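Colleague: Please take a close look at one helix and the side chains around it. I would like the charges, the burial and the rings in one connected account.

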Amino acid sequence: MQAAGGQAAGGQAAGGETPGVQAAGGQVTVMLCGAYLLDRSRAHPLMAELPAVVHLPARIGLRPELRAALDLLGGELERSRPGTDAMVPALLDVLLLHILRAWFGERSREDAATGWAAALHDPAVAAALRAIHGEPERQWSVEELGRRAGLSRAAFAKRFTALTGRPPMAYLTWWRMTLAARLLRDSDAPSSAVAGRVGYTSEFAFAHAFKRAYGRPPGAYRRHREPEADPGEAVTR
């Protein structure tokens with residue numbers, strides 16, 4: 001059983017099951033297909049490292065979690081039951097994450113692993129990323145993130161920048177602005193509340209940072225947010 005998936009944008013996903021294809025040897029292959037809408041204007045940099053096709057060969061006993069997700073998804077698509085409409089998008093998300101985890105895991109084991117494949121499996125950098133993503137509203141400093149990573153300030157800053165392509169504070173700001181745009185797009189929270197949720201005690205400072213990132217202040221961004229992407233433009237991998 002093979003699966004195709006895509007990158008998520010706001011959790012909008014669709015999935016389906018193609019009819020079985022019988023090979024010459026009598027075995028039947030079923031392909032599970034999923035599609036995600038991708039907001040290319042703010043895609044995470046790790047997406048840029050993905051190839052056009054991610055191929056994970058099936059081997060007995062390898063990646064049992066991925067196999068379990070495939071089996072669960074296949075079961076929901078094969079026989080519709082109460083709750084299937086909620087289960088399928090959730091299982092597509094689980095499947096996508098297992099695919100990405102497996103691919104980046106393989107990349108990290110390569111001798112010349114670089115970029116996000118190396119960053120996600122570097123204990124120090126991964127600890128800092130978990131801290132930033134877990135508490136974006138916290139008043140982080142390079143020194144405090146370095147303590148979370150178990151490194152000196154200078155050593156941490158150099159290592160983080162080398163692996164992620166951004167200095168720690170620049171990545172923190174990028175992530176905060178990404179979250180802020182999502183909140184402005186998907187919620188009715190006032191700008192002051194959005195500012196607080198992404199670590200800004202001053203609404204003016206937040207508006208200035210947001211305009212620098214998106215070219216317009218938060219209020220204008222919310223009023224002129226992009227229309228939903230055409231489902232026909234869904235990105236699949």
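Modeller: What follows starts at helix α5 and then turns to other charges and rings.

This is a predicted model, in which local features need pLDDT of at least 70, side-chain atom pairs count only at pLDDT 80 or more, and totals for chains, interfaces and linings use all residues. Residues are numbered from 1 along each chain as its sequence is written, and side-chain values use heavy atoms, with hydrogens and water left out.

Helix α5 covers residues 142–149. Helices (H or I, at least four residues) and strands (E, at least two) are DSSP runs, numbered from the N terminus. V142, E144, L145, G146 and A149 of α5 are buried. Buried means under 20% relative accessible area, exposed means over 50%, and partly exposed lies in between (1.4 Å probe, protein chains only). These buried residues pack against α4 (123–134), α6 (153–164) and α7 (168–186). Contact here means heavy atoms within 4.5 Å. After α5 comes G150, with a positive phi near 75°.

Now the charges on α5. R147 forms a salt bridge with E143, and the closest N and O atoms are 3.7 Å apart. A salt bridge is a side-chain nitrogen of Lys or Arg within 4 Å of a carboxyl oxygen of Asp or Glu. R147 and E143 are four residues apart in α5, so about one helical turn separates them. An α-helix has 3.6 residues a turn, so residues three or four places apart point the same way. R147 is exposed, at 55% relative accessibility. E143 is partly exposed, at 48%.

A network of salt bridges links E135, R138, E144 and R148. E144 is also among the buried residues of α5. Within the network, R138 and E135 meet through their side chains at 3.7 Å, N to O. R138 is partly exposed at 31% relative accessibility, and E135 is partly exposed at 28%. R138 has a ring partner too: its charged end sits over the ring of W140, 4.8 Å from the centre. For this, NZ of Lys or CZ of Arg must be within 6 Å of the ring centre and within 35 degrees of the ring normal. R176 lies over the face of Y200 as well, at 5.8 Å from the ring centre.

The salt bridge count comes to eight. Another of them joins D186 and R185, at 3.4 Å, N to O. D186 is exposed at 52% relative accessibility, whereas R185 is partly exposed at 29%.

Next, the rings. There are 11 aromatic pairs. Rings of Phe, Tyr and Trp (its six-membered ring) pair if their centres lie within 6.5 Å; planes under 30 degrees apart count as stacked, over 60 as edge-to-face and the rest as tilted. F210 and Y221 pair edge-to-face, with 5.2 Å between centres and 75° between planes. F210 lies in α9 (residues 203–214) and Y221 in α10 (residues 218–223), so the pair ties together parts 11 residues apart in sequence. F210 is buried at 0% relative accessibility, and Y221 is buried at 15%. Elsewhere, ring pairs link W116, F156, F160, Y171, W174 and W175 into a cluster.

One backbone detail remains. R63 is not a glycine, yet has a positive phi of about 55°. Most residues other than glycine have a negative phi. R63 is found in the loop between β5 (31–36) and α1 (64–78). R63 is buried, with a relative accessible area of 16%.
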